[in-house]
Amino acid sequence: QVQLVESGGGLVQAGGSLRLSCVASGSFIAINVMGWYRQAPGNQRELVADITSGGRTNYADSGKGRFTISRDNAKNTVYLQMDSLKPEDTAVYYCNADVRRWYGNNVYWGQGTQVTVSS
């Protein structure tokens, strides 16, 4: 089994910053893409950013210029640095990983961490 555990969410004022972390653990061969998604009440879950094992990044328009995704492959950890936060960034943020196991690839999700941005 594979577990993803997020941390770093919380309450912040508009214009502030937060750094999310997600650690993957369990039995696997490698982690391909790791990413962050978010879901606000009444909305569908949407991509925030993702990053390949080689460091290639992809951002949704909503976070470009404000969010930075990075990963430490040795620690099986992905980070999301969020700056200049806006109230519309308020959501539950989920970590996602495309994991290679002995029988093939599977996608796993963390339990989510709440980010609340006050105006």
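## A tour from Thr 113 to Gly 16

Begin by selecting Thr 113, which is buried because its relative accessible area is 11%, below the 20% under which a residue is called buried. The model on screen is a predicted one, and each stop below should be read with that in mind.

**First stop: Thr 113.** With the residue still selected, colour by secondary structure, and Thr 113 will be found in strand β11, which covers residues 113-118. Next, display Gly 9 and look at its backbone nitrogen, which the side chain of Thr 113 reaches at 3.3 Å. If you then show the surroundings, leaving aside residues up to four places away in sequence, Thr 113 touches Glu 6, Gly 9 and Leu 20, and also Ala 91, Val 92 and Tyr 93.

**Step back: the whole chain.** Zoom out now and follow the chain from its start, where the pattern is β-β-β-β-β-β-β-β-β-β-β, that is, 11 strands and 0 helices. Along the principal axes, the C-alpha atoms fill a box of roughly 45 × 25 × 20 Å. The radius of gyration of the chain is 14 Å, which agrees with the value near 14 Å for a compact globule of 119 residues. Of those 119 residues, 41% count as buried, and among contacts between residues at least 6 apart in sequence, 54% join residues at least 24 apart. Switching on the surface shows an exposed area of about 6,100 Å², of which carbon and sulfur atoms supply 47%. If you colour by charge instead, the chain has 11 positive and 9 negative charges, whose mean positions lie 5 Å apart.

**Second stop: Asp 89.** Select Asp 89 in the loop between β8 (77-82) and β9 (91-101). Although a charged side chain is selected here, Asp 89 counts as buried, because its relative accessibility is 1%. Show the side chain of Arg 38 as well, since a polar contact of 2.9 Å joins the side chains of Asp 89 and Arg 38. Then turn to Lys 86, whose backbone nitrogen is reached by the side chain of Asp 89 at 2.8 Å. Beyond four places in sequence, the residues that Asp 89 touches are Arg 38, Arg 66, Phe 67, Ser 84, Val 115 and Val 117.

**Third stop: Ser 84 and Asn 76.** From the contacts of Asp 89, move to Ser 84, which is placed in the loop between β8 and β9. Ser 84 counts as partly exposed at 42% relative accessibility, and its phi is near 50°, a positive value in a residue other than glycine. Most residues other than glycine have a negative phi. Another positive phi, near 50°, is that of Asn 76, so select this residue next in the loop between β7 (67-72) and β8, where it is partly exposed with a relative accessible area of 25%.

**Last stop: Gly 16.** Finally, select Gly 16 in the loop between β2 (10-13) and β3 (18-26), a residue that counts as buried at 19% relative accessibility. Not counting residues up to four places away, Gly 16 touches Met 82, Asp 83, Ser 84 and Leu 85, which brings Ser 84 back into view. To end the tour, draw a distance from the C-alpha of Gly 16 to that of Ser 118: the two residues are 102 apart in sequence and 9.7 Å apart in space.

Notes. Residues are numbered from 1 along each chain as its sequence is written. This is a predicted model: local features need pLDDT of at least 70, side-chain atom pairs count only at pLDDT 80 or more; totals for chains, interfaces and linings use all residues. Side-chain values use heavy atoms; hydrogens and water are left out. Helices (H or I, at least four residues) and strands (E, at least two) are DSSP runs, numbered from the N terminus. Buried means under 20% relative accessible area, exposed over 50%, partly exposed in between (1.4 Å probe, protein chains only). A polar contact is a pair of N or O atoms within 3.5 Å; within protein, one must be able to donate a hydrogen and the other to accept it, and residues adjacent in sequence count only if both atoms are side-chain atoms. Contact means heavy atoms within 4.5 Å. The radius of gyration is taken over C-alpha atoms; the globule rule is 2.2 Å times the number of residues to the power 0.38. Accessible areas come from the Shrake-Rupley method with a 1.4 Å probe; for residues, only the protein chains shown count as cover. Lys and Arg count as positive and Asp and Glu as negative; His and the chain ends are not counted. The place of a charge is taken as NZ of Lys, CZ of Arg, CG of Asp or CD of Glu.
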